[in-house]
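Q: Could you take me through one part of this fold in detail? I would like to see how the sheet is put together and what lies against it.

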Amino acid sequence: MGHKAIVVINKSGSQDAEPARVLNETFDCLSNSARRIVKRTSPFFYAQATAGKAGLTPDLGPDLQPLFDAILREIPAPQGLTRCRL
């Protein structure tokens with residue numbers, strides 16, 4: 001459908017976290033063509049969900065806002081839906 005992937009490496013703030021290794025293993029799971037597309041076009045985030053923190057580097061931000069902003073920016077809104085009255 002042409003959507004970008006948003007890659008989130010969770011548990012980045014853990015004491016034994018290895019975010020670089022996990023990111024490489026994520027790429028290893030993709031085909032060569034998918035790997036090139038994802039690396040070139042997709043945002044990558046590091047997160048510690050239980051602490052409510054995310055960021056573009058393993059040094060996490062104060063909250064999840066950067067991740068939410070990327071979701072709203074990168075994932076298109078559904079088309080053709082109408083509002084329902086309850």
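A: **The sheet and its helices**

Strand β2, residues 44-48, pairs with β3 in the antiparallel sense, and 3 bridges join the two. Within this pairing, Gln48 stands opposite Lys53 in β3. Please keep in mind that this is a predicted model.

Now let's widen the view to the whole sheet. It is an open one made of 3 strands, ordered β1-β2-β3, and its pairing is mixed. At the edges are β1 (7-9) and β3 (53-55), each of which pairs on one side only. Neighbouring strands here are turned against each other by 25 degrees on average, with direction ignored. As background, strands of a sheet pair through backbone hydrogen bonds, and they do so in either a parallel or an antiparallel way.

Next come the helices that lie across these strands. Helix α1 (residues 19-28) lies across β1 and β2, and runs at about 140 degrees to β1. Helix α3 lies across β1, β2 and β3, running at about 140 degrees to β2.

Glu74 is a good residue to zoom in on: it belongs to helix α3, which spans residues 65-74. Glu74 counts as buried because its relative accessible area is 18%, under the 20% cut-off. Leaving aside residues up to four places away in sequence, Glu74 touches Lys4, Ile6 and Pro43.

Finally, here is how the part fits into the chain. The secondary structure consists of 3 helices and 3 strands, following the pattern β-α-α-β-β-α along the sequence. Of the 86 residues, 22% count as buried.

How values were computed:
Residues numbered from 1 in each chain as written. Predicted model: local features only at pLDDT ≥ 70, side-chain atom pairs only at ≥ 80, totals over all residues. Heavy atoms only, no water. Helix = DSSP H or I, 4+ residues; strand = E, 2+ residues; numbered from the N terminus. Buried < 20%, exposed > 50% of the residue type's maximum accessible area, 1.4 Å probe, protein only. Contact = heavy atoms within 4.5 Å. Pairing = 2+ DSSP bridges. Axes fitted to C-alpha atoms, helices over the stretch in contact; angles between N-to-C directions.
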